[in-house]
Amino acid sequence: MAANTTAPTLSFQNISMQFPDGTQAIADVSFDVAKGEFVTVVGPSGCGKSTLLKIASGLLNQTSGQVEVDRSNIGYVFQDATLFPWRTVKRNVELLLELHNTPKADRGNMAQRAIDLVGLNGFENHYPKSLSGGMKMRASLARTLTLKPPLLLFDEPFGAVDEITREHLNEETLKLFQQERFAGLFITHSISEAVFLSTRVLVMSARPGRIVASFDVPFDYPRSPELRFDPAFAELAGHINQSLRGAHA
Ligand SMILES: Nc1ncnc2c1ncn2[C@@H]1O[C@H](COP(=O)(O)OP(=O)(O)O)[C@@H](O)[C@H]1O
Ligand SMILES: [Mg+2]
């Protein structure tokens, strides 16, 4: 039988999460992320966004509901770039390949490809301490991309960099999304980041987190940086903002 190519890469079905101390973090969350989709979740602090990503990756088990996902190769990008200070950029990017026992002869080329993808060529032999925050994030992204994960989870990855650096990183993330064709699930507080990157934006309520709204983002890829100045962009961001204000209540 032919493989079902329309099956979602990640499917949450009626996911609820209650921690052992009684905190209910998530209530009845259902949505899918398919190949070619970049879904962003926005919601108030503490509403259960990180918990949701941890459930997707298997770091946490949900209390009820079903998750369907292939956990053998999921990329996870955090705000903290978590580079080893004693390793060069190249050696940091090779780390996951080492952990997966990729033959040494292949590692160099695979790492270099990822370094080129994120625009860090020329910095292979630099140590993290000599990199800017944005460059550290690029190195961290490159490390994640070496294994070509079909699903990438992003937990507020660009929250700690300045606005313009964030915009550049967003543009590069979009380029990677198109070149590498992963399915993306992204968490952010920034509505403009959410609209710029995504095919769909989901709004989560305050804890226990529920999905209270879903916005399809109608802009074609590739998206130019100027899309941010398009009135239709501002209008959609405004709708999401209003929904999020309701979600804080
Ligand atoms: N291990 C845990 N035990 C108890 N409560 C937790 C645990 N982890 C997270 N929480 C609580 O669950 C809620 C959701 O947390 P989190 O998913 O980190 O929120 P977000 O990422 O949306 O800010 C928060 O109120 C948090 O304090
Ligand atoms: Mg979080």
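## Ile15 in strand 1

In this predicted model, Ile15 has its place in strand 1, which covers residues 10–18. Ile15 is buried, because 24 other C-beta atoms lie within 10 Å, and the threshold for that class is 20 or more.

Leaving aside residues up to four places away in sequence, Ile15 touches Ile26, Val29, Ile55, Gln62, Gly65 and Val67. One of these contacts, Ile55, stands 40 residues from Ile15 along the chain, and the C-alpha atoms of Ile15 and Ile55 are separated by 9.1 Å.

## The three-stranded sheet

An open sheet of three strands has the order 2-1-4, and its pairing is antiparallel. Its edge strands are strand 2 (24–33) and strand 4 (64–69), each of which pairs on one side only. On average, and with direction ignored, neighbouring strands of this sheet are turned by 20 degrees against each other.

Two of the contacts of Ile15 named above, Ile26 and Val29, fall within the range of strand 2, residues 24–33, while Gly65 and Val67, also touched by Ile15, fall within that of strand 4, residues 64–69. Strand 1 and strand 4 run antiparallel and are joined by five bridges; across this pairing, Ser16 stands opposite Ser64 in strand 4.

## The six-stranded sheet

A further open sheet, made of six strands, has the order 5-6-7-3-8-9, and its pairing is mixed. Strand 5 (74–78) and strand 9 (211–216) stand at the edges with a single partner strand each, so that one side of each is left without a neighbour in the sheet. The twist from one strand to the next averages 15 degrees.

At the end of the order where strand 9 stands, strand 8 (residues 200–204) runs antiparallel to strand 9, and five bridges join the two. Within this pairing, Leu202 has Ser214 of strand 9 as its bridge partner.

## Helices against the six-stranded sheet

Helix 1 (residues 49–57) packs on the six-stranded sheet, where it touches strand 3 (38–42), strand 5, strand 6 (151–155), strand 7 (183–187) and strand 8, and the direction of helix 1 makes about 155 degrees with that of strand 6. The range of helix 1, residues 49–57, includes position 55, and Ile55 is one of the residues that Ile15 touches.

Helix 5 (residues 133–145) lies across strand 5 and strand 6, and runs at about 170 degrees to strand 5. Strand 5 and strand 6 are thus named among the strands touched by helix 1 and also as those that helix 5 lies across.

Definitions and conventions. Residues numbered from 1 in each chain as written. Chains lettered and ligands numbered in written order. Predicted model: local features only at pLDDT ≥ 70, side-chain atom pairs only at ≥ 80, totals over all residues. Helix = DSSP H or I, 4+ residues; strand = E, 2+ residues; numbered from the N terminus. Buried ≥ 20, exposed ≤ 12 C-beta atoms within 10 Å, placed from the backbone. Contact = placed C-beta atoms within 7 Å. Pairing = 2+ DSSP bridges. Axes fitted to C-alpha atoms, helices over the stretch in contact; angles between N-to-C directions.
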